[in-house]
Amino acid sequence: MAEPESSTAAAGGSRLRNACGGVLCAFTLLLIGVLAFSIRLFSVIKYESVIHEFDPYFNFRVTQFLSKNGIYEFWNWFDDRTWYPLGRVIGGTVYPGLTLTAGTIWWLLNSLNIPLSVETVCVFTAPIFSANASWATYLLTKEAKGTGAGLMAAAILAMVPSYISRSVAGSYDNEAVAIFALIFTFYLYVKTLNTGSLFYATLNALSYFYMVCSWGGYTFIINLIPIHVLLCIVTGRYSSRLYIAYAPLVILGTLLAALVPVVGFNAVMTSEHFASFLVFIILHVVALVYYIKGLLTPRLFKVAMTLVITVGLAVCFAVIAILIALVASSPTKGWSGRSLSLLDPTYASKYIPIIASVSEHQPPTWPSYFMDINVLAFLIPAGIISCFLPLSDASSFVVLYLVTAVYFSGVMVRLMLVLAPAACILSGIALSEAFDVLTRSVKYQLSKLFDDSPAASGDSSAESSSASTVSTNSAKNETRPEKTETAPKEKPSKKNRKKEKEVAESVPVKPKKEKKLLVLPMEASVLGILLLIVLGGFYVVHCVWAAAEAYSAPSIVLTSRSRDGLHVFDDFREAYAWLSHNTDVDDKVASWWDYGYQTTAMANRTVIVDNNTWNNTHIATVGTAMSSPEKAAWEIFNSLDVKYVLVVFGGLVGYPSDDINKFLWMVRIGGGVFPHIKEPDYLRDGNYRVDAQGTPTMLNCLMYKLCYYRFVETDGKGFDRVRGYEIGKKHFKLTHFEEVFTTHHWMVRIYKLKPQKNRVRGKLKKLKSGSKASSTNAAGRKKNPWQ
Amino acid sequence: MFDDQDLGFFANFLGIFIFVLVMAYHFVMADVKYEGN
């Protein structure tokens, strides 16, 4: 009679524990979502609700267009305000995931009579998706190592600085939603792998489609998953679940990916995708082999294998030969420039200066690892070890994800973002394992304190619970050593050994595994828990500091603190507002490509080049103009119908990201296409100098003149605060350009191209009649296209 | 007015509280009777 009662009580206790755990888990997940959202709001509170940096302005502009004109207009949008005179087909060259997501959120909110502006929705899209990414991390880690690890990983990801840097409020960029899509796709892959469900496989393909819509980084998924499948096959872990997890993803995923205009036939024609097809074929061969093995007798199977291997090898060689021929016929061997620079880190710096010029494409430094993932860097190894105890399909996937992400993050600082989730998952697993051992020890010691016979109660509940007899026996074994307060690794007593032997006879493998239960002394456990929480506390403090101080500056508005208090530098918006109010709608503005997106979005003026960087020659033309003497530059700009030139200058206030510091890339990119621009002409002792030692070419180029025109009037010396010296050429006049606007802190300077008559000084009388005719002709020509 | 210092305090508090909650979850779910793997 006692047994059923105790079993009911134990079942009730277990149910209560699960219920409490469930409630705690849900509450923690909710708080994790709140934290992920709120930690990204520093930028809004410290500055204002504003879009950040460069690319987000383009995304914002596209979203505005989408919400105003609808999806079909967006799909067919040809933008004549960028890349003048070429223009850009926006619908076909943009990853639409972010735009469609924010557009849908805006539409939903408006349908519910919540009249938020498009800008507000765009600003808060990234924090919302950070919360989603945390929950997706929970799901993925839960599949790999259980709920506790999932919670820990989600909590860590919610505040990891690496991800915060790309997802603060206002950072309306593709990565904001793509990281969520990446983690969620991985979760669905692992879920399918664990369950073998076609439902999850289909969801996985859909999630992959969303990722393809969102970010070019989708190639990471379509290469990582095949590598994992291959790993599973090689290590003898092939199963039908693996087939279901992979085959639908390749077929459905590729079909769906080809629907995205920016990807199109690239989904089947570029080398980035070939690995997936190759593994797809291998998987089928392996599946066929397993199928035939089931049908035939071992002897017949051997014969069949010989036949299949012979034919298979012949077909494989033929296919590989065709592939190699196809790939070799392409100059970049079928790889895009960015992918090549990932495989060969020196490729971009050798051949594609436009990729090398972007700061986020540089390799990271060691401190940036500490800044971006902090203590996780030290917890990862523990997580890896934990993944191998025992190794499952899911945990091997997580380890593989980490290894590849570490490599890619080492190539490009931007890809620290891809490393962050892997680091969080493995650190979460490590911390969770530690918490598991420590809390179990505390619980055991507490139960020992309050209950005289914990082992007895343990026996009864274990018998009644779903645990097998083996577990009960092993629990007995495990609880014994703690009674005598001995170290857990000590050998068990004779009695225990006997029992072990009995168990070993009944179940040969399991008892050894289950013997590993580790229970530490109370003091050590409590101290361990406290230390881990302190470690977590340091991590939290670092993350909040990084979010508040390092990654929240919108870079469109700058601030600095001095003895007088806070200084705000709002020069960029001042300049764009000036352009918007004081120039004609059809005027063309030339600037270095960094400011293209902002100019079109904020000033609504046509630009020559922008951050899309799709046409190297066009960017090289602008670079050449900036590197040329005034007259030559004027001719280039005039040929492009440019009316205003915008330069960013930080010499007065000490803003280092100005055009003079970016000038080397203008020279390199320009010189890459137009050989008369030679970098050595601008270098003095290997440096770009603008002081008295600067080369004549440097001191006469347009960029120097536009930046330092009248600069000497500010302090009488012409001291450049960024470069830290006095400029070389202080007093000069502009012949082909006139200054029309300089912002309050001189950070943005706008010049207008002088009309053509200034160029023909001295011959004015002779050419007067001619120039009149030509100017009227020009006016006539100019009017036509715009009328 | 909720300024950045308040948000900093809130985020710090919430972050550490979540760590404690996760620890509590492990404590609640810890099963001393048998190995959970």
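1. I'd start with the salt bridge between the side chains of Arg723(A) and Asp658(A), where N and O sit 2.9 Å apart. The partners are 65 residues apart and come from distant parts of the chain. Arg723(A) is in the loop between strand 10 (719-720) and strand 11 (725-726), while Asp658(A) is in the loop between strand 7 (642-648) and helix 33 (663-673). Keep in mind that this is a predicted model. Both ends fall under the 20% cut-off for burial: Arg723(A) has a relative accessibility of 16%, so it counts as buried, and Asp658(A) is buried too, at 0%.

2. Next, a pair that involves helix 33 itself. Glu679(A) makes a salt bridge with Arg668(A), and the closest N and O atoms are 2.9 Å apart. Arg668(A) belongs to helix 33, and Glu679(A) follows in the loop between that helix and strand 8 (683-684), 11 residues away. Are these two buried or partly exposed? Glu679(A) comes out as partly exposed, with a relative accessible area of 22%, and Arg668(A) is also partly exposed, at 33%.

3. The third bridge is worth a look because it is part of a network. The side chains of Glu739(A) and Arg710(A) meet with an N to O distance of 2.7 Å. Glu739(A) is in strand 12, and Arg710(A) is 29 residues away in the loop between helix 35 (702-708) and helix 36 (712-715). Glu739(A) is partly exposed at 22% relative accessible area, as is Arg710(A) at 28%. Through shared partners, salt bridges tie Arg710(A), Glu713(A), Glu739(A) and Arg749(A) into one network. For the overall tally, the structure holds 20 salt bridges over all chains.

4. How many salt bridges are there between chain B and chain A? The count is 0. By class, the side of chain B that touches chain A has 21 nonpolar, 4 polar and 5 charged residues. There are 4 residue pairs in polar contact across the interface, counting pairs with both residues at pLDDT 80 or more. About 3900 Å² is buried between the chains, and carbon and sulfur atoms give 78% of that area. In terms of residues, 30 from chain B are in contact with 56 from chain A.

5. On chain B, the UniProt record lists residues 9-29 as "transmembrane region". In the model, that span is 100% helix and 0% strand, and its end C-alpha atoms lie 30 Å apart.

6. Now the annotated site. UniProt's "binding site" annotation covers Arg414(A) and Tyr597(A). Arg414(A) is in the loop between helix 22 (393-411) and helix 23 (416-450), and its relative accessible area of 18% makes it buried. Tyr597(A) lies in helix 30 (residues 596-603) and counts as buried as well, at 5% relative accessibility.

7. Who surrounds Tyr597(A)? Leaving aside neighbours within four places in sequence, Tyr597(A) is in contact with Phe54(A), Asp55(A), Tyr57(A), Phe58(A), Arg88(A), Asp610(A), Asn611(A) and Asn612(A). With Arg88(A) there is also a side-chain polar contact of 3.4 Å.

8. A few backbone oddities deserve a check on screen. Most peptide bonds are trans, and most residues other than glycine have a negative phi. Against that background, the bond from Tyr84(A) to Pro85(A) is cis, with omega near 0°. Pro85(A) is in the loop between strand 1 (78-79) and strand 2 (88-89). Another cis bond joins Leu389(A) and Pro390(A), with omega about -5°. Pro390(A) is in the loop between helix 21 (376-387) and helix 22.

9. Then there are the positive phi values. Trp83(A) has phi near 55° without being a glycine. Trp83(A) is in the loop between strand 1 and strand 2, the loop that also holds Pro85(A). Is Trp83(A) buried or exposed? Its relative accessible area is 0%, so Trp83(A) is buried. Trp746(A) is also a non-glycine with positive phi, at about 65°. Its place is in the loop between strand 12 (737-742) and strand 13 (748-753), and at a relative accessible area of 12% Trp746(A) is buried. Strand 12 also carries Glu739(A) from the network in point 3.

Key:
Residues numbered from 1 in each chain as written. Chains lettered and ligands numbered in written order. Predicted model: local features only at pLDDT ≥ 70, side-chain atom pairs only at ≥ 80, totals over all residues. Heavy atoms only, no water. Contact = heavy atoms within 4.5 Å. Buried area = accessible area lost by both parts, 1.4 Å probe. Salt bridge = Lys/Arg side-chain N within 4 Å of Asp/Glu carboxyl O. Polar contact = N/O pair within 3.5 Å; in protein donor to acceptor, adjacent residues only side chain to side chain. Nonpolar A, V, L, I, M, F, W, Y, C, P; charged D, E, K, R; others polar. UniProt positions renumbered as here; feature names shortened; annotations may be inferred. Helix = DSSP H or I, 4+ residues; strand = E, 2+ residues; numbered from the N terminus. Buried < 20%, exposed > 50% of the residue type's maximum accessible area, 1.4 Å probe, protein only.
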